[in-house]
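Here is a report to read with the model open beside you. Take it slowly and find each part on screen as it comes up.

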Amino acid sequence: MDSNAPALTVRDLTVAYRDEPVLWDIDLTVPAGILMGIVGPNGAGKTTFIQTILGLVDAAAGDVRIFGASYEEQRYRVGYVPQRGSVDWDFPTNALDVVLMGLYGQLGWFRRPGATEREAARAALDKVGMAEYADRQISQLSGGQQQRVFLARALVQDADLYFMDEPFQGVDATTERAIIDLLRELRERGCTVVVVHHDLQTVPEYFDHVMLLNVRRIASGPVEEVFTDENLRLTYGGRVGFLRRRQDAPVPPDPVPHNES
Amino acid sequence: MELLHDLLTNYTLRTVALGAATLGIVGGGLGSYAVLRGQSLLGDAISHAALPGIALAFLLTGSKDPAVLMLGAAGAGVVATLAILGVTETTRVKYDSALALMLSVFFGLGLVLLTYIQRHAGASQAGLDAFLFGQAAALVERDVIIMALLGGIALLAMVLCWKEFKLLAFDRTFGASLGLPMRALDIVLTTLLVIAIVIGLQTVGVVLMSAVIIAPAAAARQWTDRLGWMVGLAALFGALSGAGGAMVSASMANMPTGPTIVLCMGAVVTFSLLGAPNRGLLWQWWRDRRNARRLRRETVLVDLYALALKHGDMQYAHDESALDAMLAWSGGVHVALERLEDDGLVTRTNGHRWRLTDAGVQQAQALADDLHLSLR
């Protein structure tokens with residue numbers, strides 16, 4: 001295995017639901033050790049893109065490499081945070097138990113989580129500021145707290161590459177702060193994090209790289225190079241001005257879609 | 001007492017009660033997963049679909065051996081489940097429509113086959129239609145042993161794959177991202193559900209069997225927030241209603257066993273929906289009332305405080321009707337004031353006028369600060 005390999009390489013990825021292309025011919029390289037945001041309008045295929053990389057959705061064509069090898073070989077190096085709305089939070093279980101689920105893959109068949117696993121799960125909850133809620137029934141947590149439980153579940157996976165689907169969706173300011181601090185800490189440790197994001201205003205502040213996606217990859221690369229008004233217009237259609245504060249980061253002069261170098 | 005004595009001495013009653021308890025345990029335990037996964041109706045479809053399987057098994061073998069008929073029922077249940085999945089995945093028919101479709105088509109086919117059997121297959125045919133509403137009295141020891149054996153295997157499999165099934169029920173996508181074979185787990189769990197249903201058909205019948213899957217689990221969910229407790233409680237409720245229903249129907253003339261068991265389960269569900277702590281309706285009603293009263297007391301206290309501030313005198317006493325007016329005559333002011341008086345926060349001066357005590361002033365100030373009210 002090549003230790004200098006990019007965290008993620010996607011080549012010619014195409015996904016279709018009944019003839020309708022959801023993702024079209026996507027190429028993407030994500031260098032290791034960065035925070036990357038994926039932005040695009042609703043229905044642009046952001047969730048599908050992540051789920052295809054994780055083998056949850058079948059691709060019609062294309063190739064995905066994680067640290068230079070296939071996902072099946074590298075599964076244990078990948079952590080995943082699905083959208084919070086994708087599960088029933090009235091399920092009879094508590095926060096600690098949900099976090100423990102992150103270890104089910106490593107535990108193997110028929111083995112129950114023991115003291116070591118509990119310890120790891122508690123530590124992960126502590127990392128996201130949820131230690132005191134370990135025994136709380138999950139329906140009694142606020143949306144932000146539920147999101148942090150999901151993050152803790154990914155943290156116990158102790159991965160090198162994380163995929164997070166809208167972790168900032170509908171969370172309170174405290175949680176948003178906690179998540180961004182966590183993302184930066186992960187980057188310090190050399191982890192790579194790919195985040196589906198919806199708030200264009202915070203992209204320059206939160207992320208090193210960004211991919212603009214709308215069925216096709218409009219642009220991807222360092223935020224200061226590709227997060228341009230022109231590219232945003234190409235991604236979201238004409239009316240993008242109000243999506244972005246003008247005083248944010250000076251707009252680079254590059255008017256053409258930036259191709260990955 | 002007499003019933004208990006019968007239970008120990010009467011072979012038939014003991015067999016039926018044991019059989020009903022067994023199907024209750026298995027149905028309750030595995031039904032918990034069906035309920036949590038939103039698959040209650042799948043249980044109904046599987047049990048209805050079992051009817052043609054039973055009829056076909058009889059037509060093919062000429063045997064009325066319960067083991068043979070159960071095998072037929074299970075086969076048809078699995079075929080129906082696959083058909084539902086197939087229709088959902090390959091056409092634009094939605095899941096609930098596919099369920100209803102398979103349920104009625106299989107059940108209709110079952111009725112047609114039953115009629116055919118009654119017309120053509122000699123004298124020994126009678127009795128198959130007992131599978132419609134169940135015929136518990138016909139249970140013999142061997143049937144109960146088969147039920148216990150199959151049910152035991154199903155429950156054992158459930159315990160072995162506990163964490164995998166939990167993940168399947170809670171977050172299937174995440175489970176798949178961990179590399180667990182979620183589709184295979186789904187098939188195994190659904191097969192276990194088929195077993196739980198099939199072993200109850202002879203006793204409860206295809207029409208009512210889904211209640212055994214849904215009711216104990218729905219009741220158990222009311223009492224606990226832990227999956228393990230829920231499954232255990234559902235099994236307990238299933239066992240108690242099963243055995244209880246069997247005994248009630250035995251102690252009265254012309255009480256059909258299957259429906260009586262289902263009625264017992266209905267009673268457990270009703271009681272749980274109303275009376276369970278936290279989730280029960282009575283509990284919620286009481287909590288809402290308590291909260292409303294506390295809120296009313298706090299409002300009255302802050303209102304008194306606001307009035308006192310206006311008059312620049314914390315000792316200033318006000319008429320009750322002034323407070324009533326501030327709350328737009330929405331009621332409850334008098335009760336609130338009396339409770340506040342009990343707590344030593346307000347005090348009565350000459351009849352109907354009220355003023356804050358020192359403790360009341362402090363508390364009202366704290367409340368106003370909490371709410372960021374600017375009263376000055």
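## The second largest pocket

The second largest pocket holds about 360 Å³ of space. Keep in mind that this is a predicted model, here and all the way through. If you want to find the middle of this pocket, look for B:Gln39, B:Thr81, B:Leu85, B:Asp186 and B:Thr190, which lie nearest its centre out of 17 lining residues. Two elements of chain B, helix H4 (66–90) and H10, each give two or more residues to the lining.

Which helix gives the largest share of that lining? That would be H10(B), with six residues. As for chemistry, the lining splits into seven nonpolar, five polar and five charged residues.

## The largest pocket

Now for the largest pocket, with a volume of about 490 Å³. It has 13 lining residues, and those closest to the centre come from both chains: A:Gly55, A:Leu56 and A:Val57, plus B:Arg172 and B:Arg183. Helix H9 (172–177) and helix H10 (182–198) of chain B are the elements that supply two or more residues to the lining.

Here the largest share, three residues, belongs to H9(B). Sort the lining by type and you get six nonpolar, three polar and four charged residues.

## Chain A at a glance

Chain A has 261 residues, and 54% of them are buried. Its secondary structure adds up to 10 helices and nine strands. Take the contacts in chain A with a separation of 6 or more: 68% of them are between residues 24 or more positions apart.

## Strands of chain A

Start with strand S3 (residues 35–39) of chain A. Five of its five residues are buried, so the strand is largely enclosed by the rest of the structure. Both of its faces are covered, with A:Leu35, A:Gly37 and A:Val39 buried on one side and A:Met36 and A:Ile38 buried on the other. S3(A) runs parallel to strand S7 (residues 192–196), joined by four bridges, and A:Ile38 sits opposite A:Val196. Four bridges also link S3(A) to S8(A), again in parallel, with A:Gly37 opposite A:Val210.

From S8(A) you can step on to S9(A). Strand S8 (residues 209–214) and S9(A) run antiparallel and are joined by six bridges; one partnership is A:Leu213 with A:Arg217. The two strands make a hairpin with one residue between them, and A:Val215 in the turn has a positive phi of about 65°. Why is strand S9 (residues 216–222) of chain A largely enclosed by the rest of the structure? Because five of its seven residues are buried.

## Nonpolar cores

The largest nonpolar core has 169 residues, and A:Leu8, A:Phe49 and A:Phe163 have the most contacts inside it. Its largest share, 10 residues, comes from helix H3 (residues 40–61) of chain B. There is also a second, separate core of 21 residues, with B:Leu301, B:Leu304, B:Tyr305 and B:Leu367 among them.

Which residues does A:Leu8 touch, apart from its neighbours within four places in sequence? The contacts are A:Leu28, A:Thr29, A:Val30, A:Ile53, A:Val64, A:Arg65, A:Ile66, A:Leu161 and A:Phe163. Next, look at A:Thr9, which belongs to strand S1 (residues 8–17) of chain A. The cut-off for buried is under 20% relative accessible area, so A:Thr9, at 14%, counts as buried. Leaving out residues up to four places away in sequence, A:Thr9 touches A:Leu28, A:Thr29, A:Asp63, A:Val64 and A:Arg65.

## A buried helix and a sheet in chain B

In chain B, helix H8 (residues 162–170) is largely enclosed by the rest of the structure, because nine of its nine residues are buried. Charged residues are included in that list: B:Lys163, B:Glu164 and B:Lys166 are among the buried residues of H8(B).

Finally, chain B has an open sheet of three strands in the order S1-S3-S2, with antiparallel pairing. Its edge strands, S1 (318–319) and S2 (346–349), each pair on one side only. Two bridges connect S1(B) to strand S3 (residues 353–356), and B:His318 has B:Trp354 as its bridge partner.

Technical notes: Residues are numbered from 1 along each chain as its sequence is written. Chains are lettered from A and ligands numbered from 1 in the order in which they are written. This is a predicted model: local features need pLDDT of at least 70, side-chain atom pairs count only at pLDDT 80 or more; totals for chains, interfaces and linings use all residues. Side-chain values use heavy atoms; hydrogens and water are left out. On a 1 Å grid over the protein atoms alone, a cavity is a set of points where a 1.4 Å probe fits but cannot get out, and a pocket is an open set with protein on both sides within 12 Å along at least five of seven lines; lining residues have an atom within 4 Å of a point. Grid points are joined across faces, edges and corners, and a volume is the space filled by probe spheres set on the points. Buried means under 20% relative accessible area, exposed over 50%, partly exposed in between (1.4 Å probe, protein chains only). Two strands pair if DSSP finds at least two bridges between them. A nonpolar core is a set of buried Ala, Val, Leu, Ile, Met, Phe, Trp, Tyr and Cys residues joined through side-chain atoms within 4.5 Å. Contact means heavy atoms within 4.5 Å.
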